[in-house]
Each structure stands twice: as structure tokens, then as C-alpha cells.
Amino acid sequence: MSTPEGPAGAAATEPAPRPPLAPPGERGPLRWLRAAERAFAPVSHAPVTVFLVVALWAVGLFTGSLGGGPADRLLSDVGVGVPALAEGRWWTPLTSILWCSGIGNYVGSTLLLLLIGPAAEIRMGSVRTAVLLVVGQVLGSLLGTGAVKVGELAGDDWPTALAQELTATPGIAACAVGAFLSFRLSALWRRRLQLALIVFPLMLALYVGHLQDVLRFAGTVVGLALGALAHRDAHRLRVPHASHTEGRVLVALAVAASALGPLIATLYRDALGPFDVLDLYVSGGPGPQEIADACAGPGPDCDRVRAQDRFYGSPAMLMGVAIPLLLLVLAEGLRRGLRPAWRIAVAAHLVWLGLMAYLLSDITAHPGHYVLEGSDAVDRKAAMVQAVVEQALLPLFVLVLLLGTRRRFDQHLGRAAVTTLTGVMGGTLLLCCAAYVGVGYAVRDQFAPDATFGRLVAGLPAQFLPPSYEPLFFRGSSPVPVGGTALSLYEYCGVVFWVVALVALLVAFRRPSVRHDAGAAARARALLTTQGGGTLSYLAMWDGNDYWFTADGRAAVAYRVRSTVALTTGDPFGVPSARGDAVEGFAAFCDEHGLTPCFYSVTAATKARTDAFGWSAVQVAEDTVVPLPDLAFTGKKWQDVRTALNKAKKQGITAEWHVFPEAPLDLTDQIRSISEEWVADKGLPEMGFTLGGLAELDDPHVRCLLAVDERRTVHGVTSWMPVHGANGAYDSGQPVGWTLDFMRRRSDGFRGVMEFLIASAALGFQEEGAQFLSLSGAPLARADAAESTAALQRLLDYAGRALEPVYGFRSLLHFKAKFQPEYHPMYMCYPDPAALPSITRAIGKAYLPHLSAAQGVRLMRKLAA
């Protein structure tokens with residue numbers, strides 16, 4: 001059914017009519033050239049950004065800092081920091097914008113400026129962007145430097161070290177401008193940009209810990225504060241509510257950031273962040289001094305540190321970043337909403353926190369294992385405890401985030417995928433364990449001292465974690481390798497398992513979500529496409545449905561069980577003569593399995609069949625069908641439609657056909673942004689069941705019609721589901737009609753965009769030979785608004801009136817009247833009025849499967865208002 005807030009679609013296996021995927025002149029090499037032109041077009045409208053980048057590199061070339069030269073004198077003159085301000089160099093918060101130290105900083109700052117600057121100048125103007133760059137650089141530098149000074153006065157080691165530094169980077173200004181710009185973006189990108197500008201600079205500050213990282217984060221804080229002051233209306237200050245799908249993306253982004261922070265820290269030899277103390281997230285090999293100290297005399301410590309040094313000089317060094325890589329793979333699974341990825345992520349962080357708790361207790365019980373004897377032992381023990389506590393803060397935060405959002409991860413892998421994944425990972429683990437113990441025992445003389453079978457088994461856990469874990473958690477449990485074969489076992493048993501496990505997880509997570517019974521889904525699709533169904537029968541192809549087939553397989557019913565109620569998605573489909581018997585057969589099936597059948601959104605034909613059983617029925621929606629063979633937008637009644645078509649032509653807006661999975665990225669990104677806008681602004685849950693979401697739009701059988709202007713801005717989008725007739729179609733395998741599902745428009749776009757899109761779709765389908773266009777059903781809305789004598793019908797009418805300010809179902813029905821449709825009532829048929837409370841709860845759960853307590857309260861408040 002169509003609604004102001006939902007897309008449509010499902011998985012598909014058979015070819016659908018292919019609309020043109022790009023406008024004429026954009027195919028082949030020309031298409032790539034146009035894409036490149038569009039990518040670089042914003043830079044041509046950003047003179048301030050171009051000037052700043054050119055000036056930055058010119059200064060770098062003139063001073064020689066591009067080659068990594070220290071340029072200490074220049075840094076002391078233009079660099080900002082506690083020493084500069086203490087010595088009265090008041091200009092440094094501003095001059096630090098025109099210089100960097102090292103080629104890496106130049107490249108990173110340039111990319112940040114080119115990503116944020118042009119977008120800011122286009123949306124805010126060059127003058128305002130220039131002012132924000134200056135103000136953000138100055139205030140961000142002052143705020144960050146002030147925070148460092150406060151930390152130094154508090155006696156903390158990290159700020160004390162930073163208080164001696166000077167730095168210079170335009171990244172401070174870029175972060176400030178980006179944070180301010182976020183308030184001017186759509187809800188989707190406002191939320192993503194703000195999260196990225198907070199999380200990633202914060203991770204760099206906590207792990208890399210240089211002064212420039214702290215100042216960049218301070219720039220973000222300044223930009224957010226200025227943006228909040230400049231956009232004080234509640235609409236912009238309120239944290240945008242995320243849809244169910246977008247919430248997964250945000251959680252995945254946070255998990256990925258928690259992994260990338262430690263990874264980036266490895267690129268800095270002198271990282272000094274408070275979270276980069278124990279080498280646990282990312283492990284590195286021993287340094288020259290550590291090797292020299294351990295090998296001052298012969299013994300097991302020297303053998304072990306030499307083995308570790310060789311380990312990190314081989315391909316096995318991948319083990320050093322195994323945990324961040326695992327988190328990145330799990331972030332991909334979380335982005336797709338997979339429950340297995342959520343479970344593994346929760347388990348990994350619980351294990352991590354368990355190791356931190358064990359380490360903390362061991363430090364308390366055996367401080368001699370971690371600190372040197374002497375007068376400062378107590379202080380060093382306290383520092384070690386503080387480091388462990390700080391190291392545990394990040395996994396604790398991520399764990400709380402995962403537990404708080406657990407309801408968003410409700411997608412499951414198919415049984416075959418789970419079996420394969422378990423077999424691959426479990427088999428690899430067993431083989432690696434067997435190789436280490438078996439081969440290790442055969443070359444036991446290559447360990448020091450000679451390895452016994454028991455010591456090899458006891459040392460197995462240490463082989464699957466980075467070597468830096470061994471002295472902390474597995475002290476003395478694993479034998480030390482000193483020979484060739486033993487060293488190879490030490491290096492490669494663990495890394496082979498991790499490589500296979502990570503690849504297997506990534507492959508499993510990136511596969512499309514699998515239905516509970518993929519065979520039944522394929523069988524239902526074949527039946528629908530060859531024998532046909534009603535205007536809403538394509539909803540049967542959406543994920544979440546189960547299928548019941550008649551004994552002869554000539555008809556089927558798509559349904560989903562909520563509590564003990566089996567809700568159908570429309571009429572039975574299949575051979576027309578078998579659909580009536582399918583109603584009775586499905587009712588018998590539900591009775592046999594203790595379910596209450598409820599035929600939902602069905603036509604008068606199904607209602608007539610249930611009436612013969614003595615069932616009750618109530619109208620729940622109104623289908624609107626537009627015949628196409630004789631359609632012509634002539635006469636006064638089509639005035640609004642003609643006006644929309646004419647205005648679109650004058651404004652250079654055209655209608656483009658696409659299928660979402662193959663559409664250009666710049667268009668699909670805009671569709672997602674428009675889709676998120678309703679959810680974010682309303683703060684209410686998306687509806688499901690007969691109302692599709694973005695997940696259903698991602699279907700090659702569903703055609704999308706977009707209203708696109710000359711600048712490639714999407715003003716609106718509609719999606720159309722195929723309607724198949726008996727024996728496949730009227731000709732060439734084409735559907736006999738199309739059903740509208742997804743309707744969304746840009747809030748600041750062309751006002752008549754929906755009329756334009758529907759009219760354009762009607763003309764296009766008419767030219768193809770389709771027989772009708774269904775504008776779908778508007779839930780809880782009826783064309784015949786006469787007072788009903790049935791109490792339940794009056795209750796549903798009241799519900800439709802109550803929900804009108806929130807979801808606008810009645811306004812939607814009124815809008816569809818512009819296209820002079822034929823009205824066909826849609827019913828809910830049920831066997832027992834006593835089951836109405838459970839049926840009502842089941843329908844509520846089906847339409848609002850992800851309703852949180854806060855959203856429920858917000859919805860009630862809106863209804864009460």
C-alpha cells in the first residue's frame with residue numbers, strides 16, 4: 001500500500017522490464033566522464049576552499065615541510081599551543097591554519113577541506129564559509145589549548161605532555177565548518193556527519209593523542225555550538241530520530257570508529273593517547289631496547305622476545321590487528337541488521353571486558369609481575385591500574401550501545417549459511433589446534449625447554465591471540481619456540497585461523513538476507529508470475545512472509561504469524577479457479593496448528609468466500625485503480641495534473657526510470673536522504689507489513705520513477721510493483737498492471753512532484769500496454785465516509801481520524817482522487833469476534849514492529865494533541 005513514508009520491493013529471481021538506467025548521452029565512457037564532471041563540479045564553486053588549499057601547499061613548498069622537514073623555527077612562529085600563548089604569541093590560533101608538519105598531515109588536511117569546504121560554500125556562501133573557517137580555527141585552537149592547560153594543572157600525564165607541544169593544521173577549521181554545516185543538511189546527512197565528526201576525531205585524540213588531534217576535536221565542539229546558536233529552532237536542534245535501517249548504519253559506524261582509532265594509531269610511531277598504552281587492541285613487536293634488556297643474559301625471556309620480533313617481521317603480523325579487523329567485519333554485519341553479527345560483537349566485547357577484569361585483579365594480587373621493585377612501585381601500580389581502566393572504557397561504551405539497540409538487529413542468516421559458517425570456522429580451528437599440538441610434539445626439541453604434550457595443549461589459547469597477550473594472560477603457559485618448524489607453528493597457526501574466520505564472516509554477512517524457507521519463496525514467486533494475483537499480491541514477495549500452498553500447488557497464501565494470529569498479506573494468489581478453495585484450506589491449516597486466521601487487505605471476492613463460512617469482516621482500506629487504455633488528461637477534472645506536468649517542463653524537471661539496485665550512487669543516496677527526512681522530522685516509527693521500507697525498494701523487479709532537475713537533484717520518487725495476470729501477462733511476459741507503493745518528495749522541492757510522477761508513470765505504462773494502474777490502498781480510509789452502524793467499523797474510522805495528523809492516510813486518499821480512480825474496498829476477514837483483541841495486537845506489531853517505548857509515548861502525545 002502507498003503511504004507518505006514507505007518504499008517498496010523484495011528479492012527477485014526473474015527478469016523484469018528494464019527501464020533505461022541513465023539519460024541519453026550518459027552511457028559508456030560518456031557516463032563516466034559526466035560522473036567525474038559532477039564529482040568535481042562543487043570545487044569550481046568553492047573559491048575560498050581552493051584559495052586555502054593552494055595557500056597551504058604553497059607555504060609547504062616554500063618552507064620545505066612537505067618533505068617532512070621539521071621547520072622548527074616556522075612552527076615556533078605560527079604554531080599554536082600552550083607555550084605559544086603563554087609567551088604572548090596571540091596570532092598563532094589564526095596563523096596555524098596555513099601550515100602543516102609532514103606530508104601526511106598535508107594530504108589529510110587537504111582531503112578534509114575538499115570534502116567539507118565546497119559543500120559549505122554551496123549551501124552557506126563563500127563569505128560565510130570564510131568567516132566560519134577563521135572563527136572555527138581560532139576558537140577551536142583556544143578551546144583545545146585551554147583544555148590541555150586545565151589537564152596539566154590537574155596533574156594528568158597526557159595533558160602535561162601535550163602542554164609542551166606546538167602544532168599547526170587547517171583541520172581544526174575544517175571540522176568546525178563541517179559541524180556547523182551539518183545543521184544545514186537533511187536529517188540523514190546531518191546525523192551521519194555529526195556522528196563522524198565527533199567519533200573519529202575523538203578516537204584519534206584518545207589513541208594517537210597528539211595536540212592536533214585534540215584541537216580538531218575541539219574544532220568540532222566549537223562548530224556544533226555555533227551551529228546550535230545559529231539554528232535555535234527546535235526542528236534543527238533536536239537530535240534527528242533515525243529509522244530502523246539508518247539506526248543500524250549509525251551503530252555500525254560507531255563500531256567501525258572504535259576499530260579504526262587503534263588502527264590509525266599504528267601509523268604513528270610516537271602515539272601517546274591515553275587509550276594507546278597496553279598494546280591490546282593493536283599489538284606491535286618489541287623495540288630494540290626491549291630486546292636488548294631481555295637478552296642481557298641468556299634465558300627464556302630472550303628466546304620469547306626474539307620469537308616475537310620474528311613474528312612481527314613475518315606475514316603473521318596480521319595477528320597484531322586481528323581485533324580491529326574483526327570489529328570492522330562485524331560492523332558490516334551490523335550495517336545489514338544481522339543478529340549473528342550482533343551476538344558475536346556482544347560476545348567479543350564481553351570477553352574483552354572479562355580479560356580486562358582478570359588483568360586488573362592480577363595487577364592487584366601480583367603487582368610484582370607488572371612493576372619494578374623500588375620506591376616508585378606503588379605509583380607505577382596505580383598507573384597500570386589506571387591504564388587498564390581507561391582501556392576498558394571503549395569496549396564498555398560499545399557494549400552498552402549494542403545492548404541498547406539490540407532490537408534493530410533482527411535479520412537472520414539462512415540455516416545453510418549458518419551451517420557452512422560454523423563448519424568452516426570450527427573445522428579451521430580444529431585443524432590449526434591439531435597442527436600445533438601434533439606437529440609441535442613431533443618437533444618438541446625445537447622448543448625451550450622441550451615441549452610436552454600437556455604444555456602444548458595449555459599453550460593453545462595463546463596461539464590465537466597476538467603475542468603481546470601472552471605475558472599478560474597466559475604467563476608461562478606456552479612453550480617458547482627456538483627452531484624453524486616450531487617458529488612456523490608459532491607464527492602461522494593463529495593467523496591462518498583468523499584469515500579464514502574473517503573471510504568466512506565477511507562472505508556470510510555480505511550475502512542477501514535469506515528467508516526462513518527460500519524454496520517456498522521461490523515457489524511462491526513462480527506461482528505469482530505465471531498465474532497472477534491481485535493488485536497487492538506482490539507484497540507476498542517481501543521478506544518476513546511464510547507461505548501456505550494448496551495440496552495441488554495451484555494457489556498459495558502469504559502470511560506472517562504474530563503471537564497466535566496468522567495475518568495474510570492480501571488475497572490468495574495463483575490459478576484463479578483455485579484461489580477460493582485456498583481461503584478454506586488456509587483456515588483449516590490455521591485451525592490445525594492452533595492459529596487464528598485473519599485475511600487482511602483482501603478484496604470483495606475473498607470476503608464473499610469468508611461470508612459463506614459465517615466470518616465477520618470490516619473495511620480497512622480503499623484501493624484506487626486507474627484504467628489506462630483510454631486515459632487522457634483532458635478536461636477540467638485533470639487540471640491539477642496538467643498544471644504539474646507543465647510546471648515540471650518549465651523548471652527543467654524530467655522523469656527518469658531506474659531500478660534501485662542499479663541506479664547511480666548519487667541518486668540512491670538522495671533517495672535515502674529523502675526517505676530519512678520524514679522519520680527524523682516526525683520522530684515516529686516507520687510502518688511495515690503492507691507498507692514497504694527502503695529494504696523492500698532494493699529489488700530489481702520494482703521500478704522507480706524519479707523527478708530529477710538539470711542539476712541532478714531528486715525532487716521526488718515513486719516505486720511501482722508489478723501486477724501479474726493469469727498465464728503470466730498480456731504479451732511478452734510483461735505485467736498487466738503496476739501498483740504504487742513508495743511516495744516521497746523533497747521537502748524543499750517542486751511542489752507538484754507527486755502529481756507529475758504519477759501522471760508520467762501512467763503515460764509510460766499506457767504506452768507499454770499495461771491495463772491499469774493501482775494507486776494502492778490507503779489504510780484506515782474509505783471513499784464512502786457515511787456513518788456505519790457496525791461498532792468495529794466506527795472504531796476504525798475513529799482510528800483513521802486520530803492518526804490523520806501523524807500519518808495522513810485520509811489526506812492520501814483525497815490526493816489520489818485527483819486521478820479519477822475506481823474505488824475498490826479492502827477488508828479484514830476474521831472468524832471469531834472474541835479474537836479481535838489478539839488480532840488488533842497482531843496487526844499493531846506487524847505495522848510497527850520496531851516501536852520503542854519512547855516512540856510509543858511520542859505517538860500517544862501527538863494523538864492526544
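## Helix α16 and other packed helices

Helix α16 covers residues 322–335, which is 14 residues. At 1.5 Å a residue it should span 20 Å, and its end C-alpha atoms are indeed 20 Å apart, so the expected and computed spans agree. The model described here is predicted.

**The protein as a whole.** The protein has 865 residues, and 53% of them count as buried. It holds 34 helices and 14 strands. Among contacts with a separation of 6 or more, 78% join residues 24 or more positions apart.

**Helix α16 and its cover.** How many residues of α16 are buried? The count is 11 of 14, and the helix is mostly covered. The buried residues start with A322, I323 and P324. L326 and L327 are buried too, and so are V329, L330 and A331. E332, G333 and L334 complete the list. After α16 comes G337, with a positive phi near 75°.

**How α16 meets α17.** Two packed helices are described by the angle between their axes and the distance between the axes. Helix α17 spans residues 339–365. Its axis lies 8 Å from that of α16, and the two helices pack at about 150°. An angle over 145 degrees counts as roughly antiparallel, so α16 is roughly antiparallel to α17. The crossing of α16 past α17 is left-handed.

Which residues make this contact? From α16 come I323, L327, L330, G333 and L334. From α17 come A341, W342, I344, A345, H349 and W352. By class, the contact has 9 nonpolar and 2 polar residues, with no charged ones. Several of these α16 residues also appear among the buried ones, including I323, L327 and L330.

**Helix α9 and its two partners.** Helix α9 (residues 171–182) packs against helix α7 (residues 126–154). Their axes are 7 Å apart, at an angle of about 115°. α7 passes α9 in a right-handed crossing. On the α7 side, the contact uses T129, L132, L133, G136, Q137, G140 and S141. On the α9 side, I172, A173, A174, A176, V177 and F180 take part. This contact has 8 nonpolar, 5 polar and no charged residues.

Helix α9 also packs with helix α11 (residues 211–230). Here the axes come within 7 Å and cross at roughly 30°. Angles under 35 degrees count as roughly parallel, so α9 is roughly parallel to α11. This crossing is right-handed. α9 contributes G171, I172, C175, A176, A179, F180 and S182. α11 contributes a list that includes L215, R216, G219, T220 and G223. The class count is 9 nonpolar, 6 polar and 1 charged.

The three pairs are set out below.

| Helix pair | Angle between axes | Distance between axes |
|---|---|---|
| α16 and α17 | about 150° | 8 Å |
| α7 and α9 | about 115° | 7 Å |
| α9 and α11 | roughly 30° | within 7 Å |

**Two positive phi values outside glycine.** S601 is not a glycine, yet its phi is positive, about 55°. S601 sits in strand β7 (residues 596–602). Is S601 buried or exposed? S601 has a relative accessible area of 1%, so it is buried.

R712 is another residue other than glycine with a positive phi, near 65°. R712 lies in the loop between β10 (703–708) and β11 (714–723). With a relative accessible area of 10%, R712 is buried, because buried means under 20%.

Technical notes. Residues are numbered from 1 along each chain as its sequence is written. This is a predicted model: local features need pLDDT of at least 70, side-chain atom pairs count only at pLDDT 80 or more; totals for chains, interfaces and linings use all residues. Side-chain values use heavy atoms; hydrogens and water are left out. Helices (H or I, at least four residues) and strands (E, at least two) are DSSP runs, numbered from the N terminus. The expected span of a helix is 1.5 Å times one less than its number of residues. Buried means under 20% relative accessible area, exposed over 50%, partly exposed in between (1.4 Å probe, protein chains only). Axes are lines fitted to C-alpha atoms, for helices over the stretch in contact, and angles run from 0 to 180 degrees between N-to-C directions. Angles under 35 degrees count as roughly parallel, over 145 as roughly antiparallel, 65 to 115 as roughly perpendicular and the rest as oblique. A crossing is left-handed if the near helix is turned anticlockwise from the far one by less than a right angle, and right-handed if clockwise. Contact means heavy atoms within 4.5 Å. Ala, Val, Leu, Ile, Met, Phe, Trp, Tyr, Cys and Pro count as nonpolar, Asp, Glu, Lys and Arg as charged, and the others, Gly among them, as polar.
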